[in-house]
Amino acid sequence: MIKINYRPEIDGLRAIAVVAVIIYHANLKIFNYPLLKGGFLGVDIFFVISGYLITSLIYKELLINNSFSFKYFYERRIRRILPVLLFVMLVSLTFAWIYFPPYDLLNLSKSILYSLGFSSNFYFHYSGQEYATVGLRNPFLHTWSLSIEEQYYILFPIVLLITFKYFGKYIIHILLLGFIISLGLADWGSRNHPSFNFYILPTRGWE
């Protein structure tokens, strides 16, 4: 079993990310000027932390064992995410059944189904639901970021394992190339396809 040493500064970054998200959703203002007007800094920080920890965990195991246990890796991800996610879904559906009008209840149910398949980011993008405008009417809109992380958890270990096994000498160069391509896509997408840029993995991979 490979573990990463506790890093208190990472917990500090998590705290900053949580506070940033809360400030944005609370719509806090100073002298009528909204704090964190963009509001997405917290999610960006979470992506960076997740990418760092997962990459470190996989790479360390490859260096020590020259192999990688997909079974153990995915079991840990499932145990950390699914129990809490299922509980929140159950509670949310109960309150939505009581308080939501039919249309919003239908949208909530769809978002829950897509969340279970870790594809709600596609659902929100292709249904035209912008994060800044429909968040209060869809409590599961936040699962777009969870879906991106899960897609990353599925794809990246495979990419890193193949790169390590067949192109080990160039692993840093390949990861750097992937970073540049993803960042370039994000820059281009922010101007031409902002919804796709916001919701989809390829433009978030650099983080």
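Which helix holds the place of Lys110? The legends below take up that residue along with several other close-ups of this predicted model.

**View 1. Lys110 sits in helix α4, which spans residues 102-116.** With a relative accessible area of 37%, Lys110 is partly exposed, because that value falls between the 20% limit for buried and the 50% limit for exposed. If you like to check distances as you go, try Lys110 against Tyr123: their C-alpha atoms are separated by 8.4 Å, and the two residues are 13 apart along the chain.

**View 2. Asn107 is another residue of helix α4.** Is Asn107 buried or exposed? Its relative accessibility is 13%, so Asn107 counts as buried, the cut-off being under 20%. Once neighbours within four places in sequence are set aside, Asn107 is in contact with Tyr123 and Asn138. Tyr123 may look familiar from the previous view, where its C-alpha atom was paired with that of Lys110.

**View 3. Helix α4 packs against helix α3, with axes that come within 11 Å.** The axes of α3 and α4 cross at roughly 170 degrees, and the two helices are therefore roughly antiparallel to each other. On the α3 side, the residues that meet α4 are Leu85, Leu86, Met89, Ser92, Leu93, Ala96 and Trp97. Facing them from α4 are Leu105, Leu108, Ser109, Ile112, Ser115 and Leu116. Sorted by class, this contact has ten nonpolar residues, three polar ones and no charged ones.

**View 4. Helix α3 (residues 70-99) also meets α7, and here the axes come within 12 Å.** What is the crossing angle of α3 and α7? Their axes cross at roughly 175 degrees, which makes α3 roughly antiparallel to α7, since angles over 145 degrees are counted that way. From α3, the contact draws on Phe70, Phe73, Tyr74, Arg77, Ile81 and Leu85. The α7 partners are Leu146, Glu150, Tyr153, Ile154, Pro157, Ile158 and Leu161. This contact has eleven nonpolar and two charged residues, with no polar ones. Leu85 of α3 is worth a second look: it takes part in the contact with α7 and also in the contact with α4.

**View 5. Two loop residues other than glycine, Asn66 and Phe118, have positive phi values.** Asn66 lies in the loop between α2 and α3, and its phi is near 60 degrees. Phe118 belongs to the loop between α4 and α5 (120-126), with phi near 50 degrees. As for accessibility, Asn66 is exposed, at a relative accessible area of 60%, whereas Phe118 is buried, at 18%.

**View 6. The second largest pocket holds about 750 Å³ of space.** Its lining is made up of 26 residues, and those closest to the pocket centre are Tyr152, Phe156, Leu175, Gly205 and Trp206. Which elements give two or more residues to this lining? They are α2 (41-65), α7 (143-166) and α8 (171-192). The most comes from α8, which supplies eight residues. For anyone thinking about the chemistry of the pocket, its lining divides into 16 nonpolar, seven polar and three charged residues. Helix α7 thus links two of these pictures, because it contributes to the pocket lining and is also the roughly antiparallel partner of α3.

Conventions: Residues are numbered from 1 along each chain as its sequence is written. This is a predicted model: local features need pLDDT of at least 70, side-chain atom pairs count only at pLDDT 80 or more; totals for chains, interfaces and linings use all residues. Side-chain values use heavy atoms; hydrogens and water are left out. On a 1 Å grid over the protein atoms alone, a cavity is a set of points where a 1.4 Å probe fits but cannot get out, and a pocket is an open set with protein on both sides within 12 Å along at least five of seven lines; lining residues have an atom within 4 Å of a point. Grid points are joined across faces, edges and corners, and a volume is the space filled by probe spheres set on the points. Helices (H or I, at least four residues) and strands (E, at least two) are DSSP runs, numbered from the N terminus. Ala, Val, Leu, Ile, Met, Phe, Trp, Tyr, Cys and Pro count as nonpolar, Asp, Glu, Lys and Arg as charged, and the others, Gly among them, as polar. Axes are lines fitted to C-alpha atoms, for helices over the stretch in contact, and angles run from 0 to 180 degrees between N-to-C directions. Angles under 35 degrees count as roughly parallel, over 145 as roughly antiparallel, 65 to 115 as roughly perpendicular and the rest as oblique. Contact means heavy atoms within 4.5 Å. Buried means under 20% relative accessible area, exposed over 50%, partly exposed in between (1.4 Å probe, protein chains only).
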